[in-house]
Amino acid sequence: MRVLGIETSCDETGVAVYDDASGLLSHELYSQVKLHADYGGVVPELASRDHVRKLIPLIEKALADANTTPQQLDGVAFTQGPGLVGALLVGSSVGRSLAYAWDLPAVGVHHMEGHLLAPMLEENAPQFPFVALLVSGGHSMLVEVKGIGQYTVLGESIDDAAGEAFDKTAKLLGLDYPGGPLLAKLAEQGEAGHYQFPRPMTDRPGLDFSFSGLKTFAANTIRDCDNAPQTHANIAYAFQEAVVDTLLIKCRRALKQTRLKRLVIAGGVSANTMLRSKLAELMQSLNGEVFYPDLAFCTDNGAMIAYAGLQRLKAGHTCELTAQAKPRWPL
Ligand code: KG4
Ligand code: ZN
């Protein structure tokens, strides 16, 4: 089975062709980061317009690189939600139209299911069941995954997502958008022990997260600091350490609660080096295993949508030509 996958939920246009016998045949990604940088965040209208410009050429390129004609495809998968409605409408309209024109089934994929299954693109893919920590710019959640489509949300953020907290704190430190990776880089120059940030919601039971307080704590700390470059690096270090520690505490709890030994982390923040190494240490101490997507598939991409779409089609899921984009859609 061979599927074309289309991702346009936010500011990356991603297209890929995935084949269940041969694996990933091609993937194309166009990032709009430069387009939005001047505004300090994603401008939804600009994002939609840019997806319109880039999507068809990327589909042509992905098919050519995969040496695949539409006749060789078995379906078209597109991100149906959650995300920015205008951006989602581009991928869903194009995806459904191509499926109609090529006489193929279309399938709408949940963006977070795409992230969740991204580690399956790797050679060393995790076996079910596992606990997944999904940490992106829009979501932070812990999910018990028993199989394709068998997801139980164990906990999620009650306010800002982890990536959002990274981006907002980076902005307070005067870093460009998107600030998460830049803050992580600055933190490499930081020293431990200068600042102590809180570990929100770790002092009570449960698996929900809250990151907006960390951003406020960062704002107050930055306001009262001497603004020396080393001070900013120390603040970045302490902030990152607090986010990573909080995620670690909740992962340990989720693994204990579910009695599982496999942990998957995915979503943009799973690119964070400190998070990766601390989780690797944790899993080693628990005699368990941790799985990540390749760095290229941590952030938004078409490959994860092609993969998830193929699994959905195999399970008999398809969507109508009239399927709506779903800007809000629980997993
Ligand atoms: O999954 P993603 O590409 O988009 C959403 O679905 O939201 O995640 C993007 C988020 C941004 O908030 C970005 O700052 C964050 O992931 N991010 C990072 C790192 N790389 C990306 N945060 C911390 N450290 C990183 N290395
Ligand atoms: Zn995402």
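Modeller: Helices (H or I, at least four residues) and strands (E, at least two) are taken as DSSP runs and numbered from the N terminus. The model before us is predicted.

Colleague: Let us start with the ligand. Which helices each supply at least two residues of the shell around ligand 1?

Modeller: There are three such helices: H4 (111–117), H5 (162–172) and H6 (179–187).

Colleague: Which of the 18 residues around ligand 1 come nearest?

Modeller: A residue belongs to such surroundings if one of its heavy atoms lies within 4 Å. The nearest here are Gly137, Asp167, Gly268, Asn272 and Asp300. By class, the shell holds 11 polar, 5 nonpolar and 2 charged residues.

Colleague: How should I read polar contacts, and which atom of ligand 1 is 3.0 Å from an N or O atom in the side chain of Asn272?

Modeller: One looks for a pair of N or O atoms within 3.5 Å. For Asn272, the ligand 1 partner is a nitrogen atom. Two histidines face oxygen atoms instead: the side chain of His111 has an N or O atom 3.1 Å from an oxygen of ligand 1, and a polar side-chain atom of His115 also lies 3.1 Å from an oxygen of the ligand. As for cover, ligand 1 taken alone exposes 550 Å², and the protein buries 88% of that.

Colleague: I turn to the sheets. What is the order of the strands in the open sheet that contains E1?

Modeller: One reads a sheet from edge to edge. This sheet of 5 strands runs E3-E2-E1-E4-E5, with mixed pairing. E3 and E5 (106–110) are the edge strands; each has a single partner strand, so one side of each is left without a neighbour in the sheet. From one strand to the next, the twist averages 20 degrees.

Colleague: How many bridges join E2 to E3, and how many pair E4 with E5?

Modeller: Strands E2 (residues 12–19) and E3 (residues 23–31) run antiparallel and are joined by 8 bridges. They form a hairpin with 3 residues between them, and Glu12 has Ser31 as its bridge partner in E3. E4 and E5, by contrast, pair in the parallel sense over 5 bridges; there Phe78 is partnered by Gly108 of E5.

Colleague: Which helices pack on this sheet?

Modeller: H2 lies across E1 (2–7), E2 and E3, at about 25 degrees to E2. H3 touches E1, E4 and E5, and its direction makes about 160 degrees with that of E4.

Colleague: What is the order of the open sheet that contains E6?

Modeller: Its 5 strands, again with mixed pairing, are ordered E8-E7-E6-E9-E10. Strands E8 (150–156) and E10 (289–291) stand at the edges with a single partner each, so one side of each lacks a neighbour in the sheet. The twist here averages 25 degrees between successive strands. E9 (residues 262–266) pairs with E10 in the parallel sense over 3 bridges, with Val264 opposite Phe291. Helix H8 (residues 229–258) lies across E6, E7, E8 and E9, running at about 155 degrees to E6.

Colleague: Finally, the backbone. Where are the cis peptide bonds?

Modeller: One inspects the omega angle. The bond from Gly81 to Pro82 is cis, with omega near -15 degrees; Pro82 is in the loop between E4 and H3. The bond joining Phe128 and Pro129 is also cis, with omega about -5 degrees, and Pro129 lies in the loop between H4 and E6. For phi, one may note Asn67: its value is positive, about 55 degrees, although Asn67 is not a glycine. Asn67 is placed in the loop between H2 and E4.

Key: Residues are numbered from 1 along each chain as its sequence is written. Chains are lettered from A and ligands numbered from 1 in the order in which they are written. This is a predicted model: local features need pLDDT of at least 70, side-chain atom pairs count only at pLDDT 80 or more; totals for chains, interfaces and linings use all residues. Side-chain values use heavy atoms; hydrogens and water are left out. A polar contact is a pair of N or O atoms within 3.5 Å; within protein, one must be able to donate a hydrogen and the other to accept it, and residues adjacent in sequence count only if both atoms are side-chain atoms. Accessible areas come from the Shrake-Rupley method with a 1.4 Å probe; for residues, only the protein chains shown count as cover. Ala, Val, Leu, Ile, Met, Phe, Trp, Tyr, Cys and Pro count as nonpolar, Asp, Glu, Lys and Arg as charged, and the others, Gly among them, as polar. Two strands pair if DSSP finds at least two bridges between them. Axes are lines fitted to C-alpha atoms, for helices over the stretch in contact, and angles run from 0 to 180 degrees between N-to-C directions. Contact means heavy atoms within 4.5 Å.
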